[in-house]
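The questions below concern the terms applied to a protein model and the grounds for each of them.

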Amino acid sequence: MGKPTGFLEIERRERPYDKVETRIKSWKEFVRPLPAAEVRQQGARCMDCGIPFCHNGCPVNNMIPDWNNLVYRDQWQDALEALHSTNNFPEFTGRICPAPCEAACVLNIDDNPVTIKTIECAIVDRGWEEGWITPQVAARKTGKRIAVVGSGPAGMACAQQLARAGHSVTLFEKADRIGGLLRYGIPDFKMEKHFIDRRVRQMEGEGVEFRTGVEVGTTISVKSLLEGYDAVALTGGAEAPRDLEVPGRELQGIHFAMDFLTQQNKRVAGDEESRAAPKGTLSAKGKHVIVIGGGDTGSDCIGTSTRQGAASITQLEILPRPPDKEDKGLTWPDWPLKMRTSSSQEEGTERDFAVLTKRAVGSNGKIEALECVRVEWVKDAAGRMGMKEVEGSAFQLKADLVLLAMGFVGPMRKGMIEQAQVELDPRGNVKANVTDYQTSVPKLFAAGDMRRGQSLVVWAIREGRQCARAIDESLMGTTDLPR
């Protein structure tokens with residue numbers, strides 16, 4: 001490494017945020033990049049640790065020490081090449097990835113990891129600014145035609161890799177814009193959508209054909225794709241939300257998180273209300289909002305509700321409150337369970353743990369309150385964790401809008417999955433291994449959340465890349481695409 005003692009001499013410095021009172025008035029990103037000189041210093045903190053656990057902590061196996069060192073040496077274009085060799089879209093992960101690489105960093109043993117995510121984002125952002133990122137057009141065409149279904153990060157990565165291998169790729173998306181969850185699930189204040197548009201233009205330059213407003217299984221059949229293309233990749237995500245099965249669920253004012261988030265993203269994109277919310281407007285303005293679910297989607301609902309002007313926001317989590325600090329001896333370098341507070345939670349919300357919703361209460365068909373009870377998590381005789389209600393702990397929360405952010409149970413079955421007649425795994429995902437990504441149907445492959453279940457954007461990129469390699473190898477007998 002360029003500066004083996006850097007981690008001893010230079011303090012960790014993260015990208016600053018705009019103040020809460022400022023950022024909640026805007027839908028724009030509020031994370032401010034570090035100056036290039038400071039990013040170089042942060043790169044110097046990479047400590048020549050001998051065994052870079054960050055490699056395995058990162059799902060795409062980014063060559064983190066390599067590009068940290070190159071940034072320190074002011075070789076930014078070489079750093080970009082190293083970064084792109086494992087990750088098609090670092091500007092996405094550099095903004096929304098939870099950075100398991102930093103949890104795995106040797107310096108995280110004393111809670112002082114290298115600012116890997118900040119450096120990654122700085123590299124790719126500079127690459128765009130300098131004009132270093134251009135279409136990588138294949139030297140020759142193979143004559144093979146491939147359909148990719150779903151334009152989230154897995155589909156985009158799969159399509160881009162296949163196009164660069166010389167195949168003719170058509171990417172089908174049922175929505176009106178490309179990006180999947182990146183486009184309509186993640187708020188603009190976390191990642192603005194011009195970053196997606198920029199990659200789409202690059203991919204078009206590489207020969208990828210994008211077809212929006214086409215729902216495979218409805219607009220066009222799976223059978224016609226299998227007949228018209230040499231291979232088909234299913235990368236449609238895990239879109240079936242987990243529901244709240246309690247009395248009163250039918251009351252107006254209880255909605256799935258994605259319905260709420262999608263509307264706001266469409267408004268920010270400039271859509272008129274009739275197009276953004278064709279089934280009726282969902283708004284938190286002036287309302288007492290309850291978000292059920294403690295993960296990233298729940299956090300996005302909080303940030304969106306805050307910006308819409310909610311009267312109050314309460315987030316409920318069925319699991320107990322995590323510890324403030326993990327036991328490094330037991331968890332490092334794995335991703336630890338510990339108390340985390342997102343930027344949206346910092347902006348203002350009440351958080352309550354170990355709470356089970358029992359009933360929705362309302363009048364005139366509208367939600368007015370949730371009846372809840374506290375639970376304890378205990379082990380049974382076999383050592384399995386289970387919950388039991390705490391006697392006498394029932395309470396009620398005022399609610400005008402309840403947003404269900406309890407995760408996803410797998411891909412939507414109706415339409416494409418039913419038509420494809422693919423075998424599913426015990427969890428209801430499309431069954432395919434991570435060696436050849438082949439489903440039970442010939443010529444049909446699957447990757448991303450549709451195959452693995454709900455997961456991170458960086459895992460979707462990894463699976464899309466690996467699926468592309470598997471398809472290329474199955475069609476050509478060999479492949480030069482990386483895993």
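The model is predicted, and the following exchange sets its computed values against the definitions in use.

Q: Why is the pair of Tyr17 and Phe30 called edge-to-face?
A: The ring centres of Tyr17 and Phe30 are 5.3 Å apart, with 80° between the planes. Centres within 6.5 Å make a pair, and planes over 60 degrees apart make it edge-to-face. Both conditions are met, therefore Tyr17 and Phe30 form an edge-to-face pair.

Q: What makes this a link between distant parts of the chain?
A: Tyr17 is in the loop between α1 (6-9) and α2 (20-23), whereas Phe30 is in the loop between α2 and α3 (36-44). The two residues are 13 residues apart. Ring pairs also join Tyr17, Trp27, Phe30 and Phe189 into a cluster, and a search of the whole structure finds six aromatic pairs.

Q: Why is Phe30 called buried, and why is Tyr17 called partly exposed?
A: Phe30 has a relative accessible area of 3%. Buried means under 20%, so Phe30 is buried. Tyr17 has a relative accessible area of 44%. That value falls between the 20% limit for buried and the 50% limit for exposed, so Tyr17 is partly exposed.

Q: What makes the pair of Phe53 and Trp332 edge-to-face?
A: The planes of the two rings stand at 65°, and their centres are 4.8 Å apart. Since planes over 60 degrees apart count as edge-to-face and the centres lie within 6.5 Å, the term applies to Phe53 and Trp332. This pair links distant parts of the chain, with Phe53 in the loop between α3 and α4 (54-57) and Trp332 in the loop between α17 (328-331) and α18 (343-346), 279 residues apart. Phe53 has 27% relative accessibility, so it counts as partly exposed.

Q: Which peptide bond after Trp332 is cis?
A: The bond from Trp332 to Pro333 is cis, with omega near 5°. Pro333 belongs to the loop between α17 and α18.

Q: How do you know that a charge sits over the ring of Phe256?
A: The charged end of Arg249 sits over that ring, 5.2 Å from its centre. The distance limit is 6 Å, and the 5.2 Å of Arg249 satisfies it. Arg452 likewise lies over the face of Trp459, at 4.0 Å from the ring centre.

Q: Why is α6 called roughly perpendicular to α9?
A: The axes of helix α6 (residues 76-84) and helix α9 (residues 116-130) cross at roughly 110° and come within 9 Å. Angles of 65 to 115 degrees count as roughly perpendicular, so that term fits α6 and α9. The crossing is left-handed.

Q: Which residues of α6 and α9 meet?
A: From α6, Trp76, Ala79, Leu80, Leu83 and His84 meet Glu120, Ala122, Ile123, Val124, Arg126 and Gly127 of α9. The buried residues of α6 are Trp76, Ala79, Leu80, Ala82, Leu83 and His84. These buried residues pack against several helices, including α3, α5, α12 (194-205) and α21 (457-476).

Q: Why is α3 called oblique to α5?
A: The axes of α3 and helix α5 (residues 64-72) cross at roughly 135° and come within 7 Å. This angle lies above the 115 degree end of roughly perpendicular and is not over 145, the limit for roughly antiparallel, so α3 is oblique to α5. α3 passes α5 in a left-handed crossing. In α3, Val39, Arg40, Gly43 and Ala44 meet Asn68, Val71 and Tyr72 in α5.

Q: Why is Tyr437 called buried, and why is Lys443 called partly exposed?
A: Tyr437 has 0% relative accessibility, which is under 20%, so Tyr437 counts as buried. Lys443 has a relative accessible area of 33%, between the limits of 20% and 50%, so Lys443 is partly exposed. Tyr437 lies in the loop between α19 (416-420) and β16 (444-446), and Lys443 lies in the loop between α19 and β16 as well. Phi is positive in each of these non-glycine residues, near 55° for Tyr437 and near 75° for Lys443.

Q: Why is Leu181 called partly exposed?
A: Leu181, in helix α11 (residues 181-184), has a relative accessible area of 42%. The range between 20% and 50% includes this value, so Leu181 is partly exposed. Not counting residues up to four places away in sequence, Leu181 touches Ile186 and Met258.

Terms used
Residues are numbered from 1 along each chain as its sequence is written. This is a predicted model: local features need pLDDT of at least 70, side-chain atom pairs count only at pLDDT 80 or more; totals for chains, interfaces and linings use all residues. Side-chain values use heavy atoms; hydrogens and water are left out. Rings of Phe, Tyr and Trp (its six-membered ring) pair if their centres lie within 6.5 Å; planes under 30 degrees apart count as stacked, over 60 as edge-to-face and the rest as tilted. Helices (H or I, at least four residues) and strands (E, at least two) are DSSP runs, numbered from the N terminus. Buried means under 20% relative accessible area, exposed over 50%, partly exposed in between (1.4 Å probe, protein chains only). A charge sits over a ring if NZ of Lys or CZ of Arg is within 6 Å of the ring centre and within 35 degrees of the ring normal. Contact means heavy atoms within 4.5 Å. Axes are lines fitted to C-alpha atoms, for helices over the stretch in contact, and angles run from 0 to 180 degrees between N-to-C directions. Angles under 35 degrees count as roughly parallel, over 145 as roughly antiparallel, 65 to 115 as roughly perpendicular and the rest as oblique. A crossing is left-handed if the near helix is turned anticlockwise from the far one by less than a right angle, and right-handed if clockwise.
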